[in-house]
Every structure is written in structure tokens, then in C-alpha cells.
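User: I am new to this model and would like a close look at one part of it, with some of its surroundings. Please explain any terms as you go.

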Amino acid sequence: ELFHKFHLAPYRNTLVETLSGGWARRVEIAKALLHDPSLILMDEPSSGLDPKARIELWNILSTLKDEGKTIVLTTHHLDEADHCDELIVMYEGKIVAKGTPNLLKHRLKMKVVFLKSSQSTEIETFLTKEKDVKISRHRHLLRIEMPENSQLITTLMESYKGKIDELSYRSPNLEDVFIHFTGSEFEVGASL
């Protein structure tokens, strides 16, 4: 039954060590399900998988959840954590936040703006006068956290017309939640 459920039948006589990471992970999950557990513990199940195998893994986990299985897992991939019903965010061995992904994102009550300009130093100086605004910088790229009801984007566009190369904004995601609750800084390698 599990061979068919995980599409492993063609590999019935193949050594697991010769399979790709995604197929080997399917075998591991199938083995874990042999005794039909109600609780499945997984430590970074998508680690080392290519994007296609990660998507397939999450489809399998979604199916298991729909079958009534409880899945507890760890992950460093915050896009994956967004699929979970409940999260615990840990930093340096301590719980810093917990709740549903949507609740955690909503708790921030902010929007995140990415602004790229050769005048970023001048713009950053302008922004430091604004209250409730947090700014991180990498070269000419600014990451700006502002209250969700702020009109600052309009002010920036008017004040620096023709000096802003790129500007985008979005609602908070789980990376923002992590940064907010851990006090971590904007990653140096980040880009628009």
C-alpha cells in the first residue's frame, strides 16, 4: 500500500542509497508510516532536497495531515513553516513567539518596504526622523519597517521623485516575524 501511495513501486528492487534525495526521503517517510502512527516527528524533512522534491514532500505531508496524522517538524525554511497550523519560533534555545502563521504575521501590524537608490544615505537620514520606522541597510538597498497605516511611501515618492530606482512593499512574512522577535538584522545577501 505504501509503495503505491508514495509511487515507489518502480524502485521496489533498488537500493535506497542509490536513489535521489527526494526518492530516498519518500522511502524514509513510508518506513515511518509502516505501523500507522498518529504522531509523526520530523527533523528538517526537506533538508537537501531540490525544489521539486520539496514540493512533493509537502504534498505528502498535506495528505498525511488530511488523513488525521499529527506532524511535528523542525525547519529553517520559513516558507515551509507557513504551511503549518501552529508555529513555535525559537532563537538561541528559547521560545520567542508562538501561534498560527497568520496570527504571528498580523501581530506585527506593519508593512515592509524595500527601496533602492543611489541617494539611500540621504533617504535613510530623512527616515530616521520618522517615529515607528525601523531601517536596515545594505549598500544602496534599504529595508524599512513602518506601521501598516503609514503614508510614508507616498511622502518618499513625492520627496525623492526621480531618485528612487526601485521600490516595493508587502505585508509581513515569516522572515519578518523571525527578524522582529529575535532582533536579528537584515541579511547582507538580501536583494529586491
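In which sense do strand β5 (residues 110-116) and strand β7 (residues 141-147) pair, and over how many bridges?

Analyst: Happy to help. β5 and β7 pair in the antiparallel sense, over seven bridges. Strands are DSSP runs of E with at least two residues, and helices are runs of H or I with at least four, each kind numbered from the N terminus; two strands pair if DSSP finds at least two bridges between them. This is a predicted model, in which local features need pLDDT of at least 70 and side-chain atom pairs pLDDT 80 or more, while totals for chains, interfaces and linings use all residues. Residues are numbered from 1 along each chain as its sequence is written, and side-chain values use heavy atoms, without hydrogens or water.

To find the pair by eye, start at methionine 110, which stands opposite proline 147 in β7. From there you can widen the view to an open sheet of four strands, in the order β6-β7-β5-β8 with antiparallel pairing. Its edges are β6 (134-138) and β8 (166-170), each of which pairs on one side only. From one strand to the next, the twist averages 15 degrees.

Two helices can be viewed next. α6 (residues 120-127) packs with α7 (residues 152-159) at about 135 degrees, their axes 12 Å apart. Axes are lines fitted to C-alpha atoms, for helices over the stretch in contact, and angles run from 0 to 180 degrees between N-to-C directions. The angle makes α6 oblique to α7 (under 35 degrees is roughly parallel, over 145 roughly antiparallel, 65 to 115 roughly perpendicular, the rest oblique). The crossing of α6 past α7 is right-handed, meaning that the near helix is turned clockwise from the far one by less than a right angle.

Another helix pair, α2 and α3, packs at about 20 degrees with axes 9 Å apart. That makes α2 roughly parallel to α3, and this crossing, too, is right-handed.

Elsewhere, β3 and β4 (residues 94-99) form an antiparallel pair over five bridges. Here valine 89 stands opposite alanine 97 in β4. The hairpin of these strands has two residues between them, and glutamate 92 takes a positive phi near 50 degrees.

β3 (87-91) also leads to the largest pocket: together with α3, β2 (70-74), α4 (78-81) and α8 (174-182), β3 gives two or more residues to its lining. A pocket is an open set of points on a 1 Å grid over the protein atoms alone, where a 1.4 Å probe fits, with protein on both sides within 12 Å along at least five of seven lines; lining residues have an atom within 4 Å of a point. The pocket's volume is about 930 Å³, counted as the space filled by probe spheres set on points joined across faces, edges and corners. Of the 27 lining residues, Leu73, Thr75, Ala81, Cys84 and Leu87 are the closest to the centre. The lining divides into 15 nonpolar, six polar and six charged residues, where Ala, Val, Leu, Ile, Met, Phe, Trp, Tyr, Cys and Pro count as nonpolar, Asp, Glu, Lys and Arg as charged, and the others, Gly among them, as polar.
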